[in-house]
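Here's a quick briefing for anyone opening this structure for the first time. Have the model on screen and follow along, topic by topic.

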Amino acid sequence: MRYAILSDVHGNGDALRAVFADMEWVSTDRGVRIDQIWCLGDVVGYGPEPSECVQRIRARTDICISGNHDWAAIGKLDLQDFSGTAAESAEWTREHLRPDERVYLKSLPQVTRVGDFTLAHGSPMNPIWEYLISPSLAAPNFAAFDTLYCVVGHTHLPTIFLQPASERVVAAAVASPVTRAQQQLAMSLPGGPSWDMMENAVRDAGDRADWATCERLMPEAGVWVLPKGYRAIINPGSVGQPRDGDARASYLIYDSKLSGFEFRRVPYDIPATQRKIRQLGLSSQLATRLAKGL
Ligand code: ZN
């Protein structure tokens, strides 16, 4: 199976159309059929075509979860939590969504699990708000999902965080320490562990959790394969507002046969989007940042 995974469209219809066209190209010219499309939230906010983006995402994706900007657009978040430009554009977006588009955004879950994947907008620990911008922030999040992969968006930065799979057991033990009653019950069972064994296991887990860390990779174009014995939190970057200095739209294609993630960048008509932003009276800062990818 192949899954196209995209995030943070942010009402940028030109970028979204280009990404869907790229998926068509991959399917037809390269003969790599894409079986499903998943979206990790923030369909709207900042960009000039929120309605069109909601309609296309609703029509084309198999799974979509909600992001903080989607919540802001349907009144589920207080706009005081947003910066000036974000609040302004959220208010504008609210006024430009049709009732059925609002209903769709309201229907989206915060977290979903499918096969080897957990999907969350920000992080598995705090799906709507947490920005996974460093290994130290990502490390404890590995205890909050039990699949091989977790895919997130929100930072708009294509990123891979890696942790040895053995540390999940450690993290789970620390997150939910074995109680004395459970230990006694375990010891009373025929063949159950000894008291010392249980104590040592819990102490050991605690010690090892101190150095339970993770590694960060900044993916380049091409296919990345998960090393054996590891789990990963992966961010496909942003379709509609990349912030890694590369202005092209970003998304990825996962191939389950290869366990490989192909990070793709797609050029789109940035001046056309900038014109729409200016014509609609949205902040011109939103237009200029698109050309810089920041
Ligand atoms: Zn976003």
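## A first look

Start at a hairpin: strand 11 and strand 12 make it, with four residues between them, and Ser 259 in the turn has a positive phi of about 50 degrees. Keep in mind that this is a predicted model. From the hairpin we'll move to the sheets, then the cores, the zinc ion and a few loop residues.

**The hairpin strands**

- Strand 11 and strand 12 run antiparallel and are joined by seven bridges.
- One spot to look for is Tyr 251, which stands opposite Arg 264 in strand 12.
- Is strand 12 enclosed or open to the outside? Six of its seven residues are buried, so strand 12 is largely enclosed by the rest of the structure.

**The sheet that holds the hairpin**

- Six strands line up here in the order 3-2-1-11-12-9, giving an open sheet with mixed pairing.
- Strand 3 (63-64) and strand 9 (222-225) are the edge strands, each pairing on one side only.
- Strand 9 pairs with strand 12 (residues 260-266) in the antiparallel sense, over four bridges.
- Two bridge partners help you find that pairing: Val 225 goes with Gly 260 in strand 12, and Gly 222 goes with Phe 263 in strand 12.
- Helix 1 packs on this sheet, where it touches strand 1, strand 2 (36-39), strand 11 (249-255) and strand 12.
- The direction of helix 1 makes about 35 degrees with that of strand 11.

**The other six-strand sheet**

- Another open sheet of six strands has the order 4-5-6-10-7-8, and its pairing is mixed too.
- At its edges sit strand 4 (111-114) and strand 8 (215-217), each of which pairs on one side only.
- Going from one strand to the next, the twist averages 20 degrees.
- Strand 4 and strand 5 (residues 117-120) are paired in the antiparallel sense over four bridges.
- Within that pairing, Arg 113 has Thr 118 in strand 5 as its bridge partner.

**The nonpolar cores**

- The largest nonpolar core counts 50 residues, and those with the most contacts inside it are Leu 6, Val 19, Met 23, Val 43, Ile 57, Leu 105 and Tyr 251.
- Which element gives this core its largest share? Helix 1 does, with seven residues.
- Take Met 23: leaving out its neighbours within four places in sequence, Met 23 is in contact with Ala 4, Leu 6, Ile 34, Ile 37 and Tyr 251.
- Apart from the largest core lies another one of 20 residues, including Ile 5, Phe 117, Ile 160 and Tyr 254.

**The zinc ion**

- Four residues coordinate the zinc ion at 2.0 to 2.4 Å: Asp 8 (OD), His 10 (NE2), Asp 42 (OD) and His 156 (NE2).
- The site is irregular, with angles of 87 to 176 degrees among its four donor atoms.
- Along the sequence, the donor residues follow the spacing D-x1-H-x31-D-x113-H.
- Asp 8 sits in the loop between strand 1 (2-6) and helix 1 (13-28), while His 156 sits in the loop between strand 6 (149-151) and strand 7 (159-164), so the pair ties together parts that are 148 residues apart in sequence.
- Are these two donors buried or exposed? Asp 8 is buried, with a relative accessible area of 0%, and His 156 is buried as well, at 2%.

**Loop residues worth a click**

- His 156 has a phi near 65 degrees, a positive value in a residue other than glycine.
- His 154 is in the loop between strand 6 and strand 7, and that is the place of His 156 as well.
- His 154 isn't a glycine either, although its phi is positive at about 80 degrees.
- At 2% relative accessibility, His 154 counts as buried.
- Glu 49 lies in the loop between strand 2 and helix 2 (50-60).
- With 17% relative accessibility, Glu 49 counts as buried, because the cut-off is under 20%.
- The C-alpha atoms of Glu 49 and His 10 are separated by 8.5 Å, though the two residues are 39 residues apart along the chain.
- Not counting residues up to four places away in sequence, Glu 49 touches Gly 11, Gly 13, Asp 14, Arg 17 and Lys 276.

Note on methods. Residues are numbered from 1 along each chain as its sequence is written. This is a predicted model: local features need pLDDT of at least 70, side-chain atom pairs count only at pLDDT 80 or more; totals for chains, interfaces and linings use all residues. Side-chain values use heavy atoms; hydrogens and water are left out. Donors are N, O and S atoms within 2.8 Å of the metal (3.2 Å for Na, K and Ca); water is not among the atoms, so sites may look incomplete. Four donors count as tetrahedral if all angles lie between 85 and 135 degrees; four count as square planar and six as octahedral if opposite donors are over 155 degrees apart and all others between 65 and 115; anything else is irregular. Buried means under 20% relative accessible area, exposed over 50%, partly exposed in between (1.4 Å probe, protein chains only). A nonpolar core is a set of buried Ala, Val, Leu, Ile, Met, Phe, Trp, Tyr and Cys residues joined through side-chain atoms within 4.5 Å. Contact means heavy atoms within 4.5 Å. Two strands pair if DSSP finds at least two bridges between them. Axes are lines fitted to C-alpha atoms, for helices over the stretch in contact, and angles run from 0 to 180 degrees between N-to-C directions.
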